[in-house]
Amino acid sequence: MADEILQVENLVKHFPLTQGIVFKRQVGQVKAVDGVSFGLRKGETLGLVGESGCGKSTLAKLLMALERPTSGSVRFEDQDVFALSRAELRRLRRRVQMVLQDPYTSLNPRMTVGDIVGEPFAIHGDPEGGRRRRVRELLEVVGLDPDHVNRYPHQFSGGQRQRIGIARALALRPDVIICDEPVSALDVSVQAQVMNLLADLQKEFGLSYVFIAHDLAVVRHISDRVAVMYLGKIVELGDEEQIYDHPTHPYTQALLSAVPVPDPTRQGTPIVLEGDVPSPTNPPSGCRFRTRCWKARDVCATDEPLLQVRAPGGAGDGEDGGTSGSPHPSACHFADEKIVRG
Amino acid sequence: MTNTTDPAPGTPLLQVEDLRVEFRMRGSTVNAVNGLSYTLAEGETLAILGESGSGKSVSAQAVMGILDTPPAYVTGGAVRFRGTELLGLPEKKRRTYRGAHIAMIFQDALSALNPVHRVGDQIAEMLLVHRGMSRGDARKRAIELMERVRIPSAGSRANDYPHQFSGGMRQRVMIAMALALEPDVLIADEPTTALDVTVQAQIMKLLRDLQDEMAMGLILITHDLGVVADVADRIVVMYAGRVVEQAEVRELYARPAHPYTEGLLASVPRVDVRDRALTPIKGSPPNLAAIPSGCPFHPRCPRAREERCPDEVPALRDVTGTGHGSACHYAEEVLGG
Ligand SMILES: Nc1ncnc2c1ncn2[C@@H]1O[C@H](COP(=O)(O)OP(=O)(O)O)[C@@H](O)[C@H]1O
Ligand code: SF4
Ligand SMILES: [Mg+2]
């Protein structure tokens, strides 16, 4: 699609699982990302939610071309990023930047804030008007005092450190920012500041975000569209309202029902899932969610449900064959809308 | 000394009064807890809500008597369990309360469990030492406890080591150990913060069920406004080591009486509401080595006024006549919206 700046197709990343210290033998593979496709539209925020270990961070690294995939492609403005030469890859890095979770560990403690924010210029060349001026400008853009350029990271609070990380990501005027849990380590009062900042910057600079987080409320707040991941796959994809108000995949429904809302008069009854997420080394056959799904039937163990828009009365039978009044892709044989929050 | 089995009628299960804790560090003193007071009734769930560094964990450790001195010093206040003051007790006496009357679970179960012992043995050890049970009885009881916290195949899993459990199951092991001596008060410090949301739902449900079964008082320490709304009867909001607001839970969410609470509620995104504008609190939580004068919240407070807030420490007072406490000079205005 023409308005998609990033296109991900059938992306797979398997890590070899080895045993033995001297002679390593491969005893299996961790299927961290296992066939993921989506497009990122210009100027939008695409949220990626899922529980720990579902492959979110591996996906982020693949999008940044920091990892090579086992198969599949990531296209940035119609260029396959894994086919780029070193020089081309360097050019790509200017346009696709990343903001990470932990402002405490992602900043070098021995560098001044000015050096941290200006570091990209050391690699990619100085900006017009000079590095110093641009660094001060960047600090101002993210709401920091430009006179603090000579301070060190430990002299800032967690929220301020996250702003430093954002300023650095903005330095080369990127088009896309991949945010991996950017507000998870922050207290709620500060988290809201950083989310508002990200939204303002998006408007001002026309940025596109992939926003990865495990917090469903945070993702709802910031995203235009949302992809829900489970064990290396996207199980449901739709705009924010479709996912939150008209979820059709049982996993999405369980996740949403489990989030306690900050209002004592509006607590729902959580769908309590039994057991833990199975190992990505040996995911269940058919539908990966079937071992924890209350709707699973025989077909779920044999046929893998594809991520697709499901027509009412499709694979499901009369009883729960109806799908959402707001059709969107769902990877469940029995996709059916259930309002869990509203 | 008061007899612990027979307190005067109306005595709270647990009462913390004007508790003060400081860390004496080289060159500075961190005032972690600065006159904290709250009570817990029999069978009640009290939430202690606050952002990181507000003194939640340190105050709980002071109640348990597990702070290391140095660097931590309890410099004032009282902790009464069914009327018995615990802070002055000699360690030998104090130890008899820990686990048997007041038990605690933590965010990080791995650090609370011994990595080199089988979990069944760790639970049994408590019973051996404190209850004088025989090895066989203690082991049987340990497995029962593991069943009670709904660990599948408890009999065989008792032989496993902590690292062999998933995060959620390990949390259950720690809960089983905390419950071994059937405490009257369970303090849960961010018990689900490190867990995924579906596992969090399992653990919160378990805690609620166990509290009902065992008629314990539960102190739930958390920074999560959703978890509090879901499970607590009453809530205490902490800021800079003090209580800034306390109320019955519905009352607090419907009518916050402190600008900090008001700010928290306006900052939190919601999974059940579309297009909600967030109004953050400006600035960041205070440095406890240099707490602002007057009202400690005043540098961040949108309602602060020059004439009182920077100089005068607001006392926690009942602002509705119904036990809704706020430590803000202008609480009535906050209540008015
Ligand atoms: N062992 C310690 N040494 C020095 N300071 C400490 C220690 N433990 C906690 N503190 C300080 O005490 C304050 C309160 O911490 P804590 O009770 O852990 O807050 P919370 O649980 O609300 O996040 C913080 O400033 C923290 O850094
Ligand atoms: S006392 Fe003043 S500064 Fe403190 S919360 Fe109230 S209005 Fe704000
Ligand atoms: Mg804590």
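Start your tour by selecting E182(B), which sits in the loop of chain B between α7 (167-179) and β7 (185-189). Keep in mind as you look around that this is a predicted model. What is the phi angle of E182(B)? Phi is near 50° here, a positive value in a residue other than glycine. With a relative accessibility of 47%, E182(B) counts as partly exposed.

Now hop over to chain A and select E77(A). This residue is also not a glycine, and its phi is positive, about 45°. Look for E77(A) in the loop between β4 (71-76) and β5 (79-80) of chain A. Is E77(A) buried or partly exposed? Its relative accessible area is 37%, so E77(A) is partly exposed.

Return to chain B and select T69(B), P70(B) and P71(B) together. Which kind of peptide bond joins T69(B) and P70(B)? That bond is cis, with omega about -15°. Step along to the bond between P70(B) and P71(B), and you meet a cis peptide bond there too, with omega about 5°. P70(B) belongs to the loop between α1 (56-64) and β4 of chain B, and P71(B) lies in the loop between α1 and β4.

Follow the chain into strand β4 (residues 72-81), where you can select R80(B). Its relative accessibility is 24%, so R80(B) counts as partly exposed. Which residues does R80(B) touch, once its neighbours within four places in sequence are set aside? Highlight L13(B), L14(B), Q15(B), E17(B) and E85(B), which are in contact with R80(B). For a sense of distance, draw a line from the C-alpha atom of R80(B) to that of A327(B): the two are separated by 23 Å and are 247 residues apart along the chain.

Zoom out and show the whole of chain B. Colour by secondary structure to find 12 helices and 12 strands. The C-alpha atoms fill a box of roughly 70 × 55 × 45 Å along the principal axes. How does chain B compare with a compact globule? For 337 residues such a globule would have a radius of gyration near 20 Å, and the 21 Å of chain B agrees with that. Buried residues make up 54% of chain B. Among contacts between residues at least 6 apart in sequence, 63% join residues at least 24 apart. Try colouring the charges next: chain B has 37 positive and 41 negative side chains, and the centres of the two sets lie 4 Å apart.

Give chain A its turn. This chain has 10 helices and 12 strands, and its C-alpha atoms fill a box of roughly 65 × 60 × 45 Å along the principal axes. Of its 342 residues, 55% are buried. Chain A carries 40 positive and 44 negative charges, with mean positions 7 Å apart. Switch on the surface of chain A to see about 14,900 Å² of accessible area, of which 47% belongs to carbon and sulfur atoms.

For the last stop, show both chains and look where they meet. How many residues of chain B are in contact with chain A? There are 38, and they are in contact with 41 residues of chain A. About 3,500 Å² is buried between the chains, and carbon and sulfur atoms give 59% of this area. To finish, select T198(B), V271(B) and R274(B): in chain B these lose the most area to chain A, together 20% of what that side buries.

Definitions and conventions: Residues are numbered from 1 along each chain as its sequence is written. Chains are lettered from A and ligands numbered from 1 in the order in which they are written. This is a predicted model: local features need pLDDT of at least 70, side-chain atom pairs count only at pLDDT 80 or more; totals for chains, interfaces and linings use all residues. Side-chain values use heavy atoms; hydrogens and water are left out. Helices (H or I, at least four residues) and strands (E, at least two) are DSSP runs, numbered from the N terminus. The radius of gyration is taken over C-alpha atoms; the globule rule is 2.2 Å times the number of residues to the power 0.38. Buried means under 20% relative accessible area, exposed over 50%, partly exposed in between (1.4 Å probe, protein chains only). Contact means heavy atoms within 4.5 Å. Lys and Arg count as positive and Asp and Glu as negative; His and the chain ends are not counted. The place of a charge is taken as NZ of Lys, CZ of Arg, CG of Asp or CD of Glu. Buried area is the accessible area (1.4 Å probe) that two parts lose on being put together, summed over both. Accessible areas come from the Shrake-Rupley method with a 1.4 Å probe; for residues, only the protein chains shown count as cover.
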